[in-house]
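Hi there,

Here is the structure I promised to pass on, with some notes on what turned up in it. Have a look at it first, then read on.

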Amino acid sequence: MTAPIVLTVTREIAAPPEHVFDAWLDPVLAGQFLFRTDEGELVTCEIDARVGGRATIVERRGGVDAHHRLKFEEIDRPRRLVMLFSADPAAEGEWTRVTITLAPSGVGSTLTLTHEMAPQWAEYEDRTRQGWTMILGNLARILERHHG
């Protein structure tokens, strides 16, 4: 059996942990950074922010809708958010796990995102790391505009 893929992305954000945490659960803010691309157009951002709740973010990219699904497993504001994640081309019920931890830092917050993926998603590792890096960069820009 092949070991799962665990990738980690860390980002310093010049905003308090509470604000960074809340952005992940606020449909207005999340719709500005979560799974957004420069060329895409947000179609839907619905978030049921409770343990067992789900989120759906759909972005239209070149005329094709990219679906992203979340299911919240743990919500410990402002320290830890654990969610199951699925995106096209994964079938319904094919989940990976994303854990976000936040800690106060000199600039505001240190966000560490860990994504655990089954071995069959190995070909998506680099693209996934690049995607999360872009998402965290977008999150930082949005929050730092409000706090900078």
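Let me begin in a loop: phenylalanine 35 sits between helix H2 (27–33) and strand E2 (41–47). Please keep in mind throughout that this is a predicted model. Phenylalanine 35 is not a glycine, yet its phi is positive, at about 65 degrees. Most residues other than glycine have a negative phi. Is phenylalanine 35 buried or exposed? Its relative accessibility is 5%, so with the cut-off for burial at under 20%, phenylalanine 35 counts as buried.

Two prolines also deserve a look. Proline 78 belongs to the loop that links strand E4 (64–76) to E5, and the peptide bond leading to proline 78 from arginine 77 is cis, with omega near 0 degrees. Proline 89 is in the loop between E5 and strand E6 (96–104). There the bond from aspartate 88 to proline 89 is cis as well, with omega near 10 degrees. Most peptide bonds are trans.

Strand E5 itself covers residues 80–87 and includes valine 82. With a relative accessibility of 4%, valine 82 is another residue that counts as buried. Which residues does valine 82 touch, once neighbours within four places in sequence are set aside? They are Lys71, Phe72, Glu73, Glu74, Arg97, Val98 and Thr99. Valine 82 also lies 8.6 Å from threonine 101, C-alpha to C-alpha, with their positions 19 residues apart in sequence.

Now for the whole chain. It has three helices and seven strands, arranged along the sequence as β-α-α-β-β-β-β-β-β-α. The radius of gyration is 15 Å, close to the 15 Å that the globule rule gives for 148 residues, so the chain is as compact as a globular protein of that length. The C-alpha trace spans about 40 × 40 × 30 Å along its principal axes.

A few totals complete the picture. Of the 148 residues, 44% are buried. Among contacts with a separation of 6 or more, 48% are between residues 24 or more positions apart. The exposed area of the chain is about 7600 Å², and carbon and sulfur atoms supply 50% of it. As for charge, there are 16 positive and 22 negative side chains, and the centres of these two sets are 2 Å apart.

Happy to talk it over whenever suits you.

Best wishes

Conventions
Residues are numbered from 1 along each chain as its sequence is written. This is a predicted model: local features need pLDDT of at least 70, side-chain atom pairs count only at pLDDT 80 or more; totals for chains, interfaces and linings use all residues. Side-chain values use heavy atoms; hydrogens and water are left out. Helices (H or I, at least four residues) and strands (E, at least two) are DSSP runs, numbered from the N terminus. The radius of gyration is taken over C-alpha atoms; the globule rule is 2.2 Å times the number of residues to the power 0.38. Buried means under 20% relative accessible area, exposed over 50%, partly exposed in between (1.4 Å probe, protein chains only). Contact means heavy atoms within 4.5 Å. Accessible areas come from the Shrake-Rupley method with a 1.4 Å probe; for residues, only the protein chains shown count as cover. Lys and Arg count as positive and Asp and Glu as negative; His and the chain ends are not counted. The place of a charge is taken as NZ of Lys, CZ of Arg, CG of Asp or CD of Glu.
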